[in-house]
Amino acid sequence: MDSKRQTVSQPYIAPSGRLIVLLAHPLYDQNNHFKGMIGGSIYLQEQNVLNEILGNDIIDENGSYYYVVGPEGKILFHPDKKRIGEDVSGNPIIGKIMQGKSGKEIVTNTKGVTMLAAYSVVPETGWGVVQQTPVTFIYESLYDHIKKLLIYILIPFVSLLALSIFIARKLAKPFFDLSNVVNQISTGKLVSIPEMKSHWNREADLLTKSVTMAIEGMQDKHQQLSYEATTDSLTNTSNRRLLDEVMKEWVTKNKPFTLIAFDIDNFKKVNDTFGHQTGDQVLQFLVKYVQMMIRKNDLLFRYGGEEFVLLIPDVSSTTAYSIAEKIRICVENNVSPTGKHITISIGIAEFPSHTKQQNKLFDLADQALYVSKSQGKNRTTIWNENL
């Protein structure tokens with residue numbers, strides 16, 4: 001090591017058991033002759049010069065704090081003394097400091113709090129000073145500054161203040177409106193976007209229109225994705241995913257309803273004989289006639305393959321039987337895309353009279369459907385204990 005250069009040691013444990021760093025600075029006479037070194041030490045885990053520079057209140061009431069790292073990425077000063085001496089070179093910000101960079105960015109600290117961080121390198125020592133402030137405090141601080149400003153100028157400039165408030169509110173209104181809409185959207189729910197009238201401030205007007213268009217586009221995309229995620233693309237009926245959600249909601253609310261499970265008899269033969277394209281047309285044919293026979297609040301789902309489920313709210317299994325029979329007869333009496341007639345077999349189970357369990361209800365309807373199949377197909381069966 002060149003003894004005539006200013007040096008700062010890495011943190012180390014002294015014989016006394018305390019964590020310190022040593023500092024040395026060269027001395028020269030008036031003729032620039034080297035006279036020796038003046039040195040000192042900083043006890044990192046005790047009250048030291050860093051406390052005097054950065055302040056005794058290590059963590060402000062607003063949550064802001066400083067910490068200092070050495071050129072090798074070790075913490076020299078930190079509000080949490082247990083972290084002093086810790087190697088944090090893996091931290092992206094510390095990596096930039098070690099490269100001699102200064103800057104600012106948004107980070108998340110070890111406690112999961114989003115912070116605004118500013119960092120700067122001290123060229124003489126290679127140390128890096130990092131200051132972090134909670135993002136929430138920035139908004140609170142802005143509000144406090146505005147409040148103090150109003151108090152200071154209230155008496156001598158009452159009229160000007162009133163005018164300023166009027167103009168400020170006019171300027172801020174579209175942003176507050178947008179903020180409220182964005183906050184509602186952040187909950188994950190679709191919201192009704194209020195009518196955004198043209199604003200006399202050109203920048204605010206452009207921003208309002210741009211953000212409104214973006215939100216509308218985002219919600220349209222969200223609705224489209226939600227529709228695609230819960231809709232069978234072939235038959236445009238709801239799929240099994242939405243079936244589970246609806247049944248779960250109705251069971252939770254103890255809402256009476258009847259589940260009708262049905263499928264096409266000998267559908268495999270249809271695919272094998274006429275091809276899968278015709279088989280798809282047969283599925284669409286079935287859905288068309290089922291939808292003609294049910295009410296608006298009855299829900300039709302494609303469970304899988306040629307299997308379908310119909311949920312009929314506030315209807316007993318006996319009444320549902322009459323509806324199911326009308327559907328079965330209607331399908332049987334109309335010529336399918338194969339040029340021939342097709343039939344369906346149906347099973348019925350009722351909530352909560354048959355069972356109060358969601359999964360069990362479907363099993364009971366499936367048992368009834370199996371009975372319809374085993375007794376010659378093209379028939380409807382209501383589940384009962386004798387099955």
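The legends below describe close-up views of a predicted model.

**View 1. The open five-stranded sheet and its two edges.** In this predicted model, five strands form an open sheet in the order E11-E12-E10-E13-E14, and their pairing is mixed. Strand E11 (299–304) and strand E14 (380–382) each have a single partner strand and stand at the edges, so one side of each is left without a neighbour in the sheet. On average, and with direction ignored, neighbouring strands of this sheet are turned by 20° against each other.

**View 2. The pairing of strands E10 and E12.** Strand E10, which covers residues 257–264, pairs with strand E12, residues 307–313, in the antiparallel sense, and the pairing extends over seven bridges. Within this pairing, Ala261 has Val309 of E12 as its bridge partner.

**View 3. Helices H6 and H8 against the sheet.** Helix H6 (residues 240–252) packs on the sheet, where its contacts are with E10, E11, E12 and strand E13 (344–351), and the direction of H6 makes about 125° with that of E11. Helix H8, formed by residues 276–293, lies across E10, E11, E12 and E13, and runs at about 150° to E10.

**View 4. The contact of helix H7 with helix H8.** The axes of H7 (residues 267–274) and H8 come within 7 Å and cross at roughly 135°. Because an angle that is neither under 35 degrees, nor over 145, nor from 65 to 115 counts as oblique, H7 is described as oblique to H8. On the side of H7, the contact is made by Phe267, Val270, Asn271 and Phe274, which meet His276, Thr278, Gly279, Val282 and Leu283 in H8. By class, the residues of this contact of H7 with H8 comprise five nonpolar and four polar, with no charged residue.

**View 5. The second largest pocket and its lining.** The second largest pocket holds about 480 Å³ of space, and its lining consists of 22 residues, of which Tyr65, Arg83, Asn109, Thr110 and Gln132 lie nearest the centre of the pocket. Strand E5 (65–69), helix H2 (92–98) and strand E7 (103–108) are the elements that give two or more residues to this lining, and E7 gives the most, with three residues. Divided by class, the lining of the second largest pocket has 11 nonpolar residues, seven polar residues and four charged residues.

Note on methods. Residues are numbered from 1 along each chain as its sequence is written. This is a predicted model: local features need pLDDT of at least 70, side-chain atom pairs count only at pLDDT 80 or more; totals for chains, interfaces and linings use all residues. Side-chain values use heavy atoms; hydrogens and water are left out. Two strands pair if DSSP finds at least two bridges between them. Helices (H or I, at least four residues) and strands (E, at least two) are DSSP runs, numbered from the N terminus. Axes are lines fitted to C-alpha atoms, for helices over the stretch in contact, and angles run from 0 to 180 degrees between N-to-C directions. Contact means heavy atoms within 4.5 Å. Ala, Val, Leu, Ile, Met, Phe, Trp, Tyr, Cys and Pro count as nonpolar, Asp, Glu, Lys and Arg as charged, and the others, Gly among them, as polar. On a 1 Å grid over the protein atoms alone, a cavity is a set of points where a 1.4 Å probe fits but cannot get out, and a pocket is an open set with protein on both sides within 12 Å along at least five of seven lines; lining residues have an atom within 4 Å of a point. Grid points are joined across faces, edges and corners, and a volume is the space filled by probe spheres set on the points.
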